[in-house]
Amino acid sequence: MRMKISEAAAASGCHLETIRYYERSGLIPAPARSASGYREYSPTEVARLCFISRGRELGFSLDEIRSLLRLNDDPTMSCCDVDGIARTHLTEIGTRVVELQRIAMELERVIDGCAGGNRGTCTILDALKRPSRDIC
């Protein structure tokens, strides 16, 4: 059963414009068109959209998803390749978590220093005007 783009969007969790973008960027093949020119998606194409959507939920970049799709599409490929992509991604997430924790601590410090009151003496605004300690 083929689906219109709105049905494919609902089934996959992707926005209509996102589906069109994935088509333009080659992540999904151009779907068949109805006699009236509407896109019609097969269950296989919707499953591919779900794969992409889930990959995005897990924070994979579109390039990583493109690699994962190639691996998924080729049954002769080793699962080790998939494992390598996932492990690299997990390491990058760990690095981002550490950085986000550092940012949260800095923001907490700035907020705790805020005495409220006059905008001219606002420590939060003042902190935004100064370069980061990591930069200078």
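A salt bridge is a side-chain nitrogen of Lys or Arg within 4 Å of a carboxyl oxygen of Asp or Glu. The exercises below concern a predicted model.

**Exercise 1. Confidence**

Determine which element of the chain has the lowest mean pLDDT and which has the highest.

Solution. Begin with the chain as a whole: its average pLDDT is 89, and 92% of the residues score at least 70. Turning to the elements, the lowest mean, 81, belongs to helix α6 (residues 123-129). The highest mean, 96, belongs to α2.

**Exercise 2. A salt bridge within one helix**

Establish whether E17 and R20 are buried, partly exposed or exposed, and describe how their side chains meet.

Solution. Step one is the geometry: the N to O distance between the side chains of E17 and R20 is 2.5 Å. As the cut-off is 4 Å, the pair counts as a salt bridge. Step two is the location: both residues belong to helix α2 (residues 16-24) and are three residues apart, about one turn of the helix. Step three is the accessibility. E17 has a relative accessible area of 43% and R20 one of 23%. Buried requires under 20% and exposed over 50%, so E17 is partly exposed, and R20 is likewise partly exposed.

**Exercise 3. Salt bridges between distant parts of the chain**

For the pairs E23 with R39 and R48 with D73, identify the elements that each pair links.

Solution. A search of the whole structure gives eight salt bridges, these two pairs among them. The side chains of E23 and R39 meet at 2.8 Å, N to O. This pair joins helix α2, which holds E23, to strand β3 (residues 39-41), which holds R39, across 16 residues. E23 is buried because its relative accessible area of 15% falls under 20%.

In the second pair, the closest N and O atoms of R48 and D73 are 2.8 Å apart. Here helix α3 (residues 43-57) contributes R48 and helix α4 (residues 62-73) contributes D73, with the two positions 25 residues apart in numbering. D73 is partly exposed, at 44%.

**Exercise 4. The sheet**

Work out the strand order of the open sheet and which strands stand at its edges.

Solution. The sheet has three strands in the order β1-β3-β2, paired antiparallel. β1 (3-4) and β2 (32-33) each have a single partner strand, so these two are the edges, and one side of each lacks a neighbour in the sheet. Between β2 and β3 there are two bridges, and R33 stands opposite R39 of β3. R39 is also the partner of E23 in the salt bridge described above.

**Exercise 5. S12 and C14**

Describe the surroundings of S12, then decide where the nearest cysteine sulfur to C14 lies.

Solution. S12 is located in helix α1 (residues 5-12). Its relative accessibility is 7%, so S12 is buried. Beyond neighbours within four places in sequence, S12 contacts I19, V46, L49, C50 and S53. A polar atom of the S12 side chain lies 3.3 Å from the backbone nitrogen of C14.

C14 is buried as well, with a relative accessible area of 7%. For the disulfide question, the search of the whole structure returns zero disulfides. The nearest cysteine sulfur to C14 is that of C50, 7.3 Å away. The cut-off is 2.5 Å, so a sulfur pair at 7.3 Å does not qualify. Another cysteine, C122, is buried at 18%.

Conventions:
Residues are numbered from 1 along each chain as its sequence is written. This is a predicted model: local features need pLDDT of at least 70, side-chain atom pairs count only at pLDDT 80 or more; totals for chains, interfaces and linings use all residues. Side-chain values use heavy atoms; hydrogens and water are left out. Helices (H or I, at least four residues) and strands (E, at least two) are DSSP runs, numbered from the N terminus. Buried means under 20% relative accessible area, exposed over 50%, partly exposed in between (1.4 Å probe, protein chains only). A polar contact is a pair of N or O atoms within 3.5 Å; within protein, one must be able to donate a hydrogen and the other to accept it, and residues adjacent in sequence count only if both atoms are side-chain atoms. Contact means heavy atoms within 4.5 Å. Two strands pair if DSSP finds at least two bridges between them. pLDDT is the predictor's confidence in each residue, from 0 to 100.
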